[in-house]
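Subject: Structure handover

Hi,

Here is the structure I promised to pass on. Please open it alongside this note; my findings follow below.

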Amino acid sequence: MAEATRAAFPGPFAGPAAEVRLSVEEWAADALLDEMEIDDAYDLTGIYEGVALTERSVDWPEPPSSVTLFRRPILDEWAARGDVTVEALVAHVTVHEFAHHFGWSDDDIATIDRWWE
C-alpha cells in the first residue's frame, strides 16, 4: 500500500521520492521512542529519517533517506477510527512522512492536512 502511494506521486515528486528507502516494521524501536520522548509505541505510526531536500547541498554526503511505517500502530489507529479504510490510512501516513523528505514541517503539513478532525 505504501509503495502504491509512492508510485502515484505526481511528476515533480516522483523522482525525488524514488531515492527514499521505504520499509515497514511492526513497532518503533525503544531507542527511537526514547529519543523522540514518546511514551507509548502506539503514538508513532511512521518516521522520516534523513536530510530534507531543502536542506541539502549538491555534494551532500549523507546516505539515502528513509521512511519507516509502523504496522501495529497504524492498524490500531485504523481499528479505533472506524471511519477510513486501512489503504487510506497507510496512504496518509506515507504522504505525511514523504512530505518531510520534501522539506515540510509538521506545522506546514497541518495547514493543508486536517486528518485528525
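Start at Val67. Setting aside neighbours within four places in sequence, Val67 is in contact with Val20, Arg21, Leu22 and Ser23. On the same basis, its contacts also take in Ile47, Tyr48, Glu97 and Phe98. Bear in mind that this is a predicted model.

Val67 also belongs to the largest nonpolar core, which has 16 residues. Val67, Leu69, Ile74, Val90 and Phe98 are the members that touch the most others. Two elements give two or more residues to this core: β3 (66-70) and α5. The top contributor is α5, with five residues. Another core lies apart from this one. That second core has eight residues, including Leu32, Leu33, Ala41 and Phe70.

Next, Ser23. You will find Ser23 in strand β1, which spans residues 21-25. Is Ser23 buried or exposed? Its relative accessibility is 14%, and the cut-off for buried is under 20%, so Ser23 counts as buried. Beyond its neighbours within four places in sequence, Ser23 is in contact with Val67, Thr68 and Leu69. With Thr68 there is a polar contact as well: the two side chains are joined at 3.4 Å. For a distance check, take Ser23 and Gly50. They sit 27 residues apart in sequence, and their C-alpha atoms are 14 Å apart in space.

Now the second largest pocket. Its volume is about 220 Å³. It is lined by 13 residues. Which of them are closest to the pocket centre? They are Val95, His96, Ala99, Phe102 and Trp104. Two helices, α5 (86-101) and α6 (106-112), each supply at least two lining residues. The largest share comes from α5, with five residues. By class, the lining has 10 nonpolar residues, two polar and one charged.

One link is worth following when you have the model up. Helix α5 gives the most residues to the largest nonpolar core, and α5 also provides the largest share of the lining of the second largest pocket. Strand β3 is another contributor of two or more residues to that core.

Best wishes

How values were computed:
Residues numbered from 1 in each chain as written. Predicted model: local features only at pLDDT ≥ 70, side-chain atom pairs only at ≥ 80, totals over all residues. Heavy atoms only, no water. 1 Å grid on protein atoms, 1.4 Å probe; cavity = no way out; pocket = protein on both sides within 12 Å on 5 of 7 lines; lining within 4 Å. Points joined across faces, edges and corners; volume = space filled by probe spheres on them. Helix = DSSP H or I, 4+ residues; strand = E, 2+ residues; numbered from the N terminus. Nonpolar A, V, L, I, M, F, W, Y, C, P; charged D, E, K, R; others polar. Buried < 20%, exposed > 50% of the residue type's maximum accessible area, 1.4 Å probe, protein only. Contact = heavy atoms within 4.5 Å. Polar contact = N/O pair within 3.5 Å; in protein donor to acceptor, adjacent residues only side chain to side chain. Core = buried A, V, L, I, M, F, W, Y, C linked by side-chain atoms within 4.5 Å.
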